[in-house]
Amino acid sequence: MAYNHYNPSFFLLLFVTLFLTNNYINQADARHLLEVTLPELPKPELPHLPEIPTLPKPELPEISKPELPTLSIPELPHLPEIPTLPKPEFPEIPKPELPTLPKPEFPKIPTLSKSELPTLPKLEMHVIPKPESPTLPRPKIPRVPKKP
């Protein structure tokens, strides 16, 4: 059986080719438009329009600004004084005294002696030798001649 498998780069190449040809055609059209000379047409004369009558501005009735009475204490001595309320007296509440509680006595915890752990013998680790890379001679690269 045959498979229809196309390389993705084929589609990319096809897209770029079509894009570039389309751009070239537009540029060619633009060049053609620059070369064409258009004949100058006379400007048409518009007929004179009648003047629009101006309407009189509507006059709004003047409204007087309301005057608020000024409130300042030196200017108004005839105002009655506002009575002050007496401060209420509250009876003194005695501070509550809490009974003292005896401190609880905890039983003594016996101290344990520190037990020593047995010493373990040291494990011998096998050392894996590191691989050595062979030393190669440095290649000689010819120098590029400098311009005088």
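This section describes the fold, surface and aromatic contacts of a predicted model.

The secondary structure of the protein comes to 1 helix and 0 strands. Helix α1 spans residues 8-35. Of the 148 residues in the protein, buried residues make up 0%. The accessible surface amounts to about 19,400 Å². Carbon and sulfur atoms account for 66% of that surface.

A nonpolar patch lies on the surface of the protein. Its members are Leu12, Phe15, Val16, Phe19 and Leu20. Together these residues make a patch of about 540 Å². Leu20 is found in helix α1. The relative accessibility of Leu20 is 51%. The cut-off for exposed residues is over 50%, so Leu20 counts as exposed.

Aromatic contacts were searched across the whole structure, and 1 aromatic pair was found. The pair joins Phe10 and Phe11. Their ring centres lie 5.6 Å apart, and their planes meet at 65°. Planes over 60 degrees apart count as edge-to-face, so the geometry of Phe10 and Phe11 is edge-to-face. Phe10 has a relative accessible area of 43% and is partly exposed. For Phe11 the relative accessible area is 45%, and this residue is also partly exposed. Both values fall between the 20% limit for buried residues and the 50% limit for exposed ones.

How values were computed:
Residues numbered from 1 in each chain as written. Predicted model: local features only at pLDDT ≥ 70, side-chain atom pairs only at ≥ 80, totals over all residues. Heavy atoms only, no water. Helix = DSSP H or I, 4+ residues; strand = E, 2+ residues; numbered from the N terminus. Buried < 20%, exposed > 50% of the residue type's maximum accessible area, 1.4 Å probe, protein only. Areas by Shrake-Rupley, 256 points an atom, 1.4 Å probe, with all protein chains shown as cover. Patch = residues over 30% accessible without salt bridge, like charges linked within 9 Å, V, L, I, M, F, W, Y side chains within 5 Å. Salt bridge = Lys/Arg side-chain N within 4 Å of Asp/Glu carboxyl O. Phe/Tyr/Trp six-rings, centres within 6.5 Å; stacked < 30°, edge-to-face > 60°.
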